[in-house]
Amino acid sequence: MSEPRLYGGWRRSRTLGIGHLNGAQTGVVVMALIVPIIVLNVAGLSTLAVTVPFALVVMVLTVWQRHGTPLLSFVAARLRWQWAAYRGETSYRGQFLASPQALDLPGIVAPTKLLRVQDSTGSEPVGLVWNQRSGHMTASLLLSPAGSLLAPSDAQNGSAAAWGETLARLADEETLLGAAVTIQVRPSSGQALADHVADRTDPTAPAAARQAVRELVARAPRASAQLAAWLTLTVDPYRSTAQKPKNPAEAAAETLRVLDGVDLSGAGADIVRRATDLDLMRLVRGAYAPADMDAPQEQIAALTWNETGPVAAEDGWTVYRHDGAHSVSWVLREAPRKPVPYDVLLKLLAPGQFARRITLAYRVLPTEEAAAVVEREVNASDARAEYRRRTQRTTTRRERVDAEHAERSATEEALGSGLVQWSVYVTTTVDDADDLPAAIREVEKAAKLSGGLRFRYAYGGQAAAFAVGLPVGVNPMA
């Protein structure tokens, strides 16, 4: 048996800047130095008592970083969130108006509309989420992940390579903005299995067979987990250079074309079907109101798209409350520095005591853009090396490794590999606020065991991070 392959070499995109600062941060520091001089020449020496302390504060907040982000960004985000909370923009209350079309989903998903479309084959209808503000359309594929714990190393490596090839092929889709894979794991009682078997038991089957099935169900664990997985594609139909859509119907046809072009052969997951409008409503409604995830199909069909959202929601700094449930979301802060095996996310994906949703968001760069990006990264790395040489500063080991990764990425892209920007989002949801500390500890423990993945709270953006895991087209990477 061959040794399992290790994966790594990820790096954070960095532009040209001074030291560990990027271009924008360097610009802020330079402006903080220049502005006091300009004001001094215009208004005189009396201004130094104000401009110099202010400039020093800005420079310190920019240079001093936390989780790889300048403190200035945290301060600005906190001020924006406080201002939004003061204006009531972090609170949502459903408006029960005469026309259902007057209702909106909360926050970032407010401009979306659910479409039920039929393709030319006459197969099962497909659900598309149309963002009426941007014109983007989102379609989803329901997946059935294949287990790999007992698979040989060659099969595991083949699945990882096939997934990489799938992402590389998506670079050829000019209208594709982003993709996201979501795994949702929820604790469940054994009643779901019992109901499933009871509905499918043939009363005319032999008594011995029916008795054996009943014994298997009775001996099954009373505590189990329900897993749901889906691949979401966000498309901008109007980016097409061939023929731009003239109406939503043509835009929907372009979205279905992209969806049908996805091939997951050998990638470790099977496509169950294209998500219907009822599938999307169930996933969205079940996220905002977990008790409705297992609602009867008739109850889901009776909803409108606007009714799948919460009746009330509060977007806090670190907690999102919606219809009596409480959710906390994290965003990836740093990828593993060392090579990791294929099952690096296994601890996060393993069932726990509380519901959890893990989303891998991707942006596949077109070939031309990928070449420009890797060359810019290499040039920025060379410029930083020249700056260190002129200032006679010793290169650190991390800086050397980062430069090596930049060179390797440029070489692999030149040989035909695709370039992908990606991130990971994690959300946990509980029904009782008293369970929230335990749910947070469960996620943080699983994250620490995930091979060097580091997360941080989605500070001031809990509602947005929550929506990233839904099949509604919210993809920060797009």
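The charged end of R357 sits over the ring of F466, at 4.7 Å from the centre of that ring. The structure in which this arrangement appears is a predicted model, and F466 offers a convenient point of entry to it.

F466 also takes part in an aromatic pair, one of 10 that a search of the whole structure finds. Its partner is Y288: the two ring centres are 5.1 Å apart and the planes stand at 45°, so the pair is classed as tilted. Y288 belongs to helix α8 (residues 277–288) and F466 to helix α14 (residues 462–468), so the pair ties together parts that are 178 residues apart in sequence. Both Y288 and F466 are buried.

A further group of rings can be located elsewhere in the sequence. F74, W81, W317, W330, Y457 and Y459 form one aromatic cluster. One of its members, W317, has a charged neighbour: R78 lies over the face of W317, 4.4 Å from the ring centre.

Attention may now turn to the packing of helices. Helix α1 (residues 23–43) and helix α2 (residues 48–63) pack at an angle of about 175°, and their axes are 9 Å apart. Because angles over 145 degrees count as roughly antiparallel, α1 is roughly antiparallel to α2. On the α1 side, the contact is made by Q25, V28, V29, A32, L33, P36, V39 and L40, which meet L48, T51, A55, V58, M59, T62 and V63 in α2. By class, the residues of this contact between α1 and α2 comprise 12 nonpolar, three polar and no charged.

Helix α2 has a second packing partner in helix α3 (residues 71–86), with an angle of about 105° and axes 5 Å apart. This angle makes α2 roughly perpendicular to α3. Here V58, L61 and T62 in α2 meet L71, L72 and V75 in α3. The contact of α2 with α3 divides into five nonpolar residues, one polar residue and no charged residues. V58 and T62 are thus among the α2 residues that meet α1 and also among those that meet α3.

The final stop is P290, which is placed in the loop between α8 and α9 (297–301). With a relative accessibility of 21%, P290 counts as partly exposed, because the buried class requires a value under 20%. Leaving aside residues up to four places away in sequence, P290 touches R186, A325, T429 and D431. P290 and A355 are separated by 65 residues in sequence, while their C-alpha atoms are 8.8 Å apart in space.

Key:
Residues are numbered from 1 along each chain as its sequence is written. This is a predicted model: local features need pLDDT of at least 70, side-chain atom pairs count only at pLDDT 80 or more; totals for chains, interfaces and linings use all residues. Side-chain values use heavy atoms; hydrogens and water are left out. Axes are lines fitted to C-alpha atoms, for helices over the stretch in contact, and angles run from 0 to 180 degrees between N-to-C directions. Helices (H or I, at least four residues) and strands (E, at least two) are DSSP runs, numbered from the N terminus. Angles under 35 degrees count as roughly parallel, over 145 as roughly antiparallel, 65 to 115 as roughly perpendicular and the rest as oblique. Contact means heavy atoms within 4.5 Å. Ala, Val, Leu, Ile, Met, Phe, Trp, Tyr, Cys and Pro count as nonpolar, Asp, Glu, Lys and Arg as charged, and the others, Gly among them, as polar. Rings of Phe, Tyr and Trp (its six-membered ring) pair if their centres lie within 6.5 Å; planes under 30 degrees apart count as stacked, over 60 as edge-to-face and the rest as tilted. Buried means under 20% relative accessible area, exposed over 50%, partly exposed in between (1.4 Å probe, protein chains only). A charge sits over a ring if NZ of Lys or CZ of Arg is within 6 Å of the ring centre and within 35 degrees of the ring normal.
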